[in-house]
Amino acid sequence: MQDAKRKRVIKKAIRRRGAHLLEAVRPPGVALKRRAPLPDRSATRLVASPVFVLSSVRSGSTLLRVLLNSHSRLRAPHELHLRTLKVEPSRKYSADIMDAVGLSLTELEHLLWDRVLHHELLKSRKSIIVDKTPSNALQWQRISSAWPEARYIFLQRHPASVVESLLNRRKDADRDAVVKEVLDYVTGVETARQSLEGLTVRYEDLTADPADVTKKICAYLGVPWESSMLDYGAHDHGPIKPVFGDWSANLKSGRIQRARPLPSREDVPEELREITRLWGY
């Protein structure tokens, strides 16, 4: 957490430097627009330290979320797609009014997102919320800005296995387009992994030894491990259908099933070979 605090101090110093520069170039007689100071974001959040699973699509994030959701203290709902929730002012002057109290449209959206997470926690009567929407891997910078104290689980799966899984799911998909999509996702995960503190886990390890992996996750989140997590089929996890997450027969079976054998090196698309090596596959 020291690195995160150091980054926040640096950002504040940069903002102060920018303010000084603006003052230096201000034309005579022209007053700068003053924005009301906003308190530290972690102090304005109803959920100060949510957990985000950053992963590609088809990487086992739904399996991970139902295992976590089976814990008595962890709420891991279906995909929330927070970035699709937008704030649009109905009057031209609305932005100026909000700006005067220190709230940009972006920050208003962050407050909305935070309220959604808090709503889920209140509903579940649990203490920690986990959002596993794969598109979070493409907007991790904004998430880290919205929640300075957020925690992260980086979920990896062999990139070529992700491609194979997507092609099996999308029967008429263009292979090149799928490879590019997977590259975008895994690049987002890796960039976030290099920039943020968190716990890295592999889908293949999760399916091979779910007890060991979930114990590590519980230790990272500061909650005791519960063996009932592994029997996720005995718990209610809400809708299991498209857009909400994986809806495959394997997931609906209620049983953890081993990952498919890893692809050979020759079967890894050239575009994905570097990240595959970086992830140790």
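**Figure 1. The largest nonpolar core and the residues at its heart of contacts.** Start with the largest nonpolar core, which has 35 residues, and look for F52, L117, W147, Y152, V182 and L272, the members that touch the most others. At least two residues each come from β1 (51-54), α5 (105-124), α6 (140-146), β4 (151-156), α7 (159-169) and α8 (175-195). Helix α8 is the top contributor to this core, giving seven residues. Keep in mind for this and every other view that the model is predicted. As a bit of background, nonpolar side chains tend to be buried together in soluble globular proteins.

**Figure 2. Y152 and its contacts, with a second core elsewhere.** Here we pick out Y152, one of the core members that touch the most others. Which residues does Y152 touch, once those up to four places away in sequence are set aside? They are F52, L54, I143, S144, W147, L196, E197, G198, L199 and Y220. Two names in that set, F52 and W147, also turn up among the best-connected residues of the largest core. Apart from the largest core there is another one, made of 26 residues, including L63, L199, Y203 and M229.

**Figure 3. The second largest pocket and its lining.** This pocket has a volume of about 760 Å³. Its lining runs to 37 residues, and R58, S59, S165, R169 and D246 are the ones nearest the centre. Two or more lining residues come from each of α3 (61-69), α7, α8 and α11 (249-252). Which element supplies the largest share of the lining? That would be α7, with four residues. Sorted by class, the lining is a mix of 13 nonpolar, 13 polar and eleven charged residues.

**Figure 4. Helix α3, under cover.** How many of the nine residues of α3 are buried? The count is nine of nine, so this helix is mostly covered, given that buried means under 20% relative accessible area. Reading along the helix, the buried residues are S61, T62, L63, L64, R65, V66, L67, L68 and N69. L63 has been mentioned already, as a member of the 26-residue core. Helix α3 also gives two or more residues to the lining of the second largest pocket.

**Figure 5. S55, a buried loop residue.** S55 sits in the loop between β1 and α3. Is S55 buried or exposed? It is buried, because its relative accessible area is 0%. Beyond its neighbours up to four places away in sequence, S55 touches S61, P134, A137, L155, Y185 and V189. One of these partners, S61, is itself on the list of buried α3 residues.

**Figure 6. L111 on helix α5.** L111 belongs to α5, and it counts as partly exposed because its relative accessible area is 29%. With neighbours within four places left out, L111 is in contact with T44, R45 and L103. L111 and T44 are 67 residues apart along the chain, yet their C-alpha atoms are separated by 8.3 Å.

**Figure 7. Two non-glycine residues with positive phi.** Most residues other than glycine have a negative phi. H81, not a glycine, has a positive phi of about 50°. Its place is in the loop between β2 (74-75) and α4 (94-100), and H81 is partly exposed, with a relative accessible area of 23%. The other one shown is V243, also not a glycine, with a positive phi of about 80°. V243 is found in the loop between α10 (210-221) and α11. Is V243 buried or exposed? V243 is exposed, because its relative accessible area comes to 59%.

**Figure 8. E270 and the chain as a whole.** E270 lies in the loop between α11 and α12 (273-278). This residue counts as exposed because its relative accessible area is 63%. The C-alpha atoms of E270 and V179 are separated by 9.5 Å, with their positions 91 residues apart along the chain. Zooming out, the chain has twelve helices and five strands, and 42% of its 281 residues count as buried. Of the contacts between residues at least 6 apart in sequence, 80% join residues at least 24 apart. The chain exposes about 15,300 Å², with carbon and sulfur atoms supplying 53% of that area.

Key. Residues are numbered from 1 along each chain as its sequence is written. This is a predicted model: local features need pLDDT of at least 70, side-chain atom pairs count only at pLDDT 80 or more; totals for chains, interfaces and linings use all residues. Side-chain values use heavy atoms; hydrogens and water are left out. A nonpolar core is a set of buried Ala, Val, Leu, Ile, Met, Phe, Trp, Tyr and Cys residues joined through side-chain atoms within 4.5 Å. Buried means under 20% relative accessible area, exposed over 50%, partly exposed in between (1.4 Å probe, protein chains only). Contact means heavy atoms within 4.5 Å. On a 1 Å grid over the protein atoms alone, a cavity is a set of points where a 1.4 Å probe fits but cannot get out, and a pocket is an open set with protein on both sides within 12 Å along at least five of seven lines; lining residues have an atom within 4 Å of a point. Grid points are joined across faces, edges and corners, and a volume is the space filled by probe spheres set on the points. Ala, Val, Leu, Ile, Met, Phe, Trp, Tyr, Cys and Pro count as nonpolar, Asp, Glu, Lys and Arg as charged, and the others, Gly among them, as polar. Accessible areas come from the Shrake-Rupley method with a 1.4 Å probe; for residues, only the protein chains shown count as cover.
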